[in-house]
Amino acid sequence: QVQLVESGGGSVQPGGSLRLSCAASGSITSSYVMGWYRQAPGKQRELVAIIGSSGTTNYADSAKGRFTISRDFAKNTVYLQMNSLKPEDTAVYYCYAGRYTSYWGQGTQVTVSS
């Protein structure tokens with residue numbers, strides 16, 4: 001059974017930082033692409049950042065220069081370090097793992113507000 005368990009969400013003031021973690025278990029291996037998507041109220045789910053099996057990364061324009069995705073293959077865990085957070089980063093953040101099949105975590109709320 002595949003599980004993606006996210007942690008690290010919360011509330012922060014503009015300019016603050018948060019680090020999200022996603023621990024994968026089950027049949028998800030290092031060959032999977034893993035990453036983060038987010039969905040704000042009334043908007044579609046959108047890509048934030050992904051990291052491939054070789055460590056290659058890809059970021060949404062909104063995340064470039066502020067967010068860093070990383071992956072611990074030994075722990076089968078992916079991280080998202082978010083710095084200089086803005087109110088428009090407020091959303092539910094979902095962990096993603098995919099190869100031939102896509103898997104999603106349950107989501108973790110990130111709120112950026114003064």
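**Start with the whole chain.** Turn on contacts between residues at least 6 apart in sequence: 52% of them in the protein chain join residues at least 24 apart. This is a predicted model.

Colour by secondary structure next. You get 11 strands and zero helices. Trace the chain along the sequence and the pattern reads β-β-β-β-β-β-β-β-β-β-β.

Now show the C-alpha trace. Along its principal axes it spans about 40 × 25 × 20 Å. The radius of gyration is 13 Å, which agrees with the value near 13 Å for a compact globule of 114 residues.

**Switch to the surface.** The protein chain exposes about 6,000 Å². Carbon and sulfur atoms supply 46% of that area. Of the 114 residues, 41% count as buried.

Colour the charged side chains. There are 10 positive and 6 negative ones. The centres of the two sets lie 4 Å apart.

**Go to the salt bridges.** How many does a search of the whole structure find? Four.

Select R38, E46, R66 and D89 together. These residues are linked in a network of salt bridges. Take R38 as your anchor and step outward.

*Stop one: R38 and D89.* Their salt bridge has its closest N and O atoms 2.9 Å apart. R38 lies in strand β4, residues 33-39. D89 sits in the loop between β8 (77-82) and β9 (91-98). The pair therefore ties together parts that are 51 residues apart in sequence. Are these two residues buried or exposed? Both R38 and D89 are buried. For R38 the relative accessibility is 6%, so this arginine falls under the 20% cut-off.

*Stop two: R38 and E46.* Keep R38 selected and add E46. The two side chains meet in a salt bridge at 2.7 Å, N to O. E46 has 37% relative accessibility and counts as partly exposed. R38, at 6%, counts as buried. This bridge thus joins a buried residue to a partly exposed one.

*Stop three: D61 and K64.* Clear the selection and pick this pair. Which kind of interaction do the side chains of D61 and K64 make? They meet in a salt bridge, with N to O at 3.2 Å. D61 is exposed, with a relative accessible area of 66%. K64 is partly exposed, at 49% relative accessibility. The cut-off for exposed is over 50%, so K64 does not pass it.

**Last view.** Show R38 with D89 again, both buried, and then D61, which is exposed.

Technical notes:
Residues are numbered from 1 along each chain as its sequence is written. This is a predicted model: local features need pLDDT of at least 70, side-chain atom pairs count only at pLDDT 80 or more; totals for chains, interfaces and linings use all residues. Side-chain values use heavy atoms; hydrogens and water are left out. Buried means under 20% relative accessible area, exposed over 50%, partly exposed in between (1.4 Å probe, protein chains only). Helices (H or I, at least four residues) and strands (E, at least two) are DSSP runs, numbered from the N terminus. The radius of gyration is taken over C-alpha atoms; the globule rule is 2.2 Å times the number of residues to the power 0.38. Contact means heavy atoms within 4.5 Å. Accessible areas come from the Shrake-Rupley method with a 1.4 Å probe; for residues, only the protein chains shown count as cover. Lys and Arg count as positive and Asp and Glu as negative; His and the chain ends are not counted. The place of a charge is taken as NZ of Lys, CZ of Arg, CG of Asp or CD of Glu.
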